[in-house]
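This report goes through the charged pairs, the sheets and the helices that pack on them. The sequence and the structure come first.

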Amino acid sequence: MRRPMTIAIDGPMGAGKGTIARLLAQRLGYRYVDTGAMYRAIAWKALQTGVDLHDRHAVAELARHTQIRLEPAEGGMRVMCDGEDVTAAIRSLEVNAAVSAVASNPGVRSVLTERQRQLALSGGLVMEGRDIGTVVLPHADLKIYLDASLDERARRRWEELRDRGEDVPLDEVKEILRRDDEVATAREVAPLRRAPDAHRIDTTGKTPEQVIEEILGLARNSR
């Protein structure tokens, strides 16, 4: 019997990582893990408790003492933070603007990277984030780097916010993504970049099903 694969999916905000990884996991019968949700949960917790996002030591200590559970749920994954369901709350514009400071914190990344590696020990998993193929799971069976134009990514995120009742100008969303790209690619610890052995897929103008079929083809060829 073949061992279940470990699939790493990376890429910038709005490239479609969440949708693609979630649907791919469903197709394969694998567990779906959104590592970005873990950083968002810490950002949400810091905002709720008044911890200064730029106080690296304080935020790292917060991460060490915050329990985050990722639970399978209909349509994807439920995020529990110290027993509270924050699945919707961590997708707010306020958290969007705060998460870069958390994700660039070396202490936070050390804590969450270890937790993410533990989740992947048994395989049969699709894990998505910014540094999965480069840092968290450098020996993943299949690595995918999803990308899309900034305009496309901003439109997708704007539609997500609109569907949740958040009326945010498209230009403002685009600027948040642009700043996030700058921080993610320039940070000292685990910057966003494509792993040398990752397959790059541009999702601009493609349906999720088209992207998933492309990844499934790559998965079959990697066996």
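Arg69 is partly exposed, with a relative accessible area of 34%. The model is a predicted one, and the values given here are computed from it.

**Salt bridges**

Arg69 pairs with Glu71 in a salt bridge whose closest N and O atoms are 2.5 Å apart. Glu71 has a relative accessibility of 22% and therefore counts as partly exposed, the lower limit for that class being 20%. Side chains of opposite charge can pair when their charged atoms come close. In total, the structure holds 23 salt bridges.

Three of these pairs are set out below.

| Pair | N to O distance | Citation |
|---|---|---|
| Arg69 and Glu71 | 2.5 Å | salt bridge |
| Arg156 and Glu152 | 3.2 Å | salt bridge |
| Arg157 and Glu160 | 2.9 Å | salt bridge |

Helix α7 covers residues 150-163 and holds both Arg156 and Glu152, which are four residues apart, or about one turn of the helix. An α-helix has 3.6 residues a turn, so residues three or four places apart point the same way. Arg156 and Glu152 are both buried.

Arg157 and Glu160 also lie in helix α7; they are three residues apart, so about one helical turn separates them. Is Arg157 buried or exposed? Arg157 is buried, at 11% relative accessible area, whereas Glu160 is partly exposed, at 34%. Elsewhere, salt bridges with shared partners link Arg69, Glu71, Arg78 and Asp85 into one network.

**Surroundings of Glu152**

For Glu152 the relative accessible area is 15%, so this residue is buried. Leaving aside residues up to four places away in sequence, Glu152 touches Thr204 and Gly205. Thr204 is 52 residues from Glu152 along the chain, yet the C-alpha atoms of the two are separated by 6.4 Å.

**The five-stranded sheet**

In what order do the strands of the open sheet of five run? The order is β2-β6-β1-β7-β8, and the pairing is parallel. The edges are taken by β2 (31-34) and β8 (199-202); each has a single partner strand, so one side of each is left without a neighbour in the sheet. On average, and with direction ignored, neighbouring strands of this sheet are turned by 20° against each other.

Five bridges join strand β1 (residues 6-10) to strand β6 (residues 125-129) in the parallel sense. In this pairing Asp10 stands opposite Gly129 in β6. Helix α9 (residues 208-222) packs on the sheet, where it touches β1, β7 (142-147) and β8. The direction of α9 makes about 155° with that of β7.

The buried residues of α9 are Val211, Ile212, Ile215, Leu216, Gly217 and Ala219. These buried residues pack against β1, β7 and β8, and also against helix α1 (17-28). The length of α9 agrees with expectation, because its 15 residues should span 21 Å at 1.5 Å a residue and its end C-alpha atoms are 21 Å apart.

**The three-stranded sheet and helix α2**

A further open sheet has three strands in the order β3-β4-β5, with antiparallel pairing. Its edge strands are β3 (68-73) and β5 (84-85), each of which pairs on one side only. β3 and strand β4 (residues 76-81) run antiparallel and are joined by six bridges. Within this pair, Ile68 stands opposite Cys81 in β4.

Helix α2 packs on the sheet and touches β3, β4 and β5. Its direction makes about 35° with that of β4.

Helix α2 (residues 35-49) also lies against helix α4 (residues 93-103): the two axes come within 8 Å and cross at roughly 105°. At that angle α2 is roughly perpendicular to α4, since crossings of 65 to 115 degrees fall in this class. Which residues of the two helices meet? From α2 they are Tyr39, Arg40, Ile42, Ala43, Trp44 and Leu47. From α4 they are Glu94, Val95, Asn96, Ala98, Val99, Val102 and Ala103.

Key:
Residues are numbered from 1 along each chain as its sequence is written. This is a predicted model: local features need pLDDT of at least 70, side-chain atom pairs count only at pLDDT 80 or more; totals for chains, interfaces and linings use all residues. Side-chain values use heavy atoms; hydrogens and water are left out. Two strands pair if DSSP finds at least two bridges between them. Axes are lines fitted to C-alpha atoms, for helices over the stretch in contact, and angles run from 0 to 180 degrees between N-to-C directions. Contact means heavy atoms within 4.5 Å. A salt bridge is a side-chain nitrogen of Lys or Arg within 4 Å of a carboxyl oxygen of Asp or Glu. Buried means under 20% relative accessible area, exposed over 50%, partly exposed in between (1.4 Å probe, protein chains only). The expected span of a helix is 1.5 Å times one less than its number of residues. Angles under 35 degrees count as roughly parallel, over 145 as roughly antiparallel, 65 to 115 as roughly perpendicular and the rest as oblique.
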